[in-house]
Amino acid sequence: MNDEDYMRRALELAARAGAEGEVPVGALVVLDGAIAGEGWNRPIAAADPTAHAEIQALRSAAAKTRNYRLTGATLYVTLEPCDMCVGAMFHARIARAVFGATDPKKQVLKNGVVVEGGVLAAECGAVLKQFFAARR
């Protein structure tokens, strides 16, 4: 699988968040060529401001691997990560983060994580635009 394949899976997870009334963001962690964890936005359902898709994916991967350090892993997310999520990636030892749509309100603080954006950017952005257009 390649970056676009993994981002398509992240888009499926974003759709799940949207169906649950959350901002449609999906994320997954790939370690040693396999999906180690998945997540989607859940701050409303979980009543937890930290329940971003990235955090959910990191928690899932850490539980699966039984290790909070995910050294060498790549995290895929449909929206440019916030500073909290970048910090969590740093502490998890994520080597690379790949995102789809840029967040015009934010610029990633890299903290030593290789960050690559724009993978399926139009599709990722369209999911978010449709969600917010329906809410207005």
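Which residue just after α4 takes a positive phi? In this predicted model, the residue in question is R93, whose phi is about 70 degrees and which follows directly on the end of α4. Most residues other than glycine have a negative phi. Further positive values are found at A47, R66 and D32, and these are taken up below together with the elements around them.

Helix α4 itself, which spans residues 83-92, packs against helix α3, which spans residues 53-65, with the two axes 9 Å apart and at an angle of about 20 degrees. Because angles under 35 degrees count as roughly parallel, α3 and α4 are described as roughly parallel to each other, and the crossing that they form is left-handed. On the side of α3 the contact is made by E54, I55 and L58, while α4 contributes M84, C85, A88, M89 and A92. By class, seven of the residues in the contact of α3 with α4 are nonpolar and one is charged, with no polar residue taking part. Within α4, the residues C85, V86, G87, M89 and A92 are buried, and the elements that cover the buried residues of this helix include α3 as well as strands β3 and β4, the latter comprising residues 96-101.

Helix α3 also carries Q56, which counts as buried because its relative accessibility is 16%, below the 20% under which a residue is called buried. When neighbours within four places in sequence are set aside, Q56 is in contact with E38, G39, W40, R42 and A51. Of these partners, E38, G39 and W40 fall within the range of strand β2, which covers residues 34-40.

Strand β2 pairs in the antiparallel sense with strand β1, residues 26-31, and the pairing extends over six bridges. One of the bridge partnerships places V29 opposite G37, the latter lying in β2. In the hairpin that β1 and β2 form, two residues stand between the strands, and D32 takes a positive phi near 55 degrees.

Two loops on either side of α3 hold the other residues with a positive phi. A47 is placed in the loop between α2, residues 43-46, and α3, and its phi is near 50 degrees, a positive value in a residue other than glycine. With a relative accessibility of 69%, A47 counts as exposed. R66, for its part, is placed in the loop between α3 and strand β3, which runs over residues 74-79, and has a positive phi near 55 degrees, again in a residue other than glycine. R66 likewise counts as exposed, at 77% relative accessibility.

A second helix pair involves α1, residues 3-19, in which E4 is placed, and helix α5, residues 121-135, whose axis comes within 11 Å of that of α1 and crosses it at roughly 5 degrees. This angle makes α1 roughly parallel to α5. The residues that meet are M7, R8 and L11 in α1 and E123, C124 and V127 in α5, and the contact of α1 with α5 is composed of four nonpolar and two charged residues, with no polar residue.

Towards the start of α1, E4 counts as partly exposed, its relative accessibility being 42%. Apart from neighbours within four places in sequence, E4 is in contact with V119 and L120. The C-alpha atoms of E4 and Y76 are separated by 9.7 Å, although the two residues lie 72 residues apart along the chain.

Beyond the other end of α1, G21 is found in the loop that leads from this helix to β1 and is partly exposed, with a relative accessible area of 24%. Not counting residues up to four places away in sequence, G21 touches I44, F131 and R135; of these, F131 and R135 belong to the residue range of α5, whereas I44 falls within that of α2. A45, which also falls in the range of α2, is 24 residues from G21 in sequence, and the two are 8.7 Å apart in space, C-alpha to C-alpha.

Key. Residues numbered from 1 in each chain as written. Predicted model: local features only at pLDDT ≥ 70, side-chain atom pairs only at ≥ 80, totals over all residues. Heavy atoms only, no water. Helix = DSSP H or I, 4+ residues; strand = E, 2+ residues; numbered from the N terminus. Buried < 20%, exposed > 50% of the residue type's maximum accessible area, 1.4 Å probe, protein only. Contact = heavy atoms within 4.5 Å. Pairing = 2+ DSSP bridges. Axes fitted to C-alpha atoms, helices over the stretch in contact; angles between N-to-C directions. Parallel < 35°, antiparallel > 145°, perpendicular 65-115°, else oblique. Left-handed = near helix turned anticlockwise from the far one by under 90°. Nonpolar A, V, L, I, M, F, W, Y, C, P; charged D, E, K, R; others polar.
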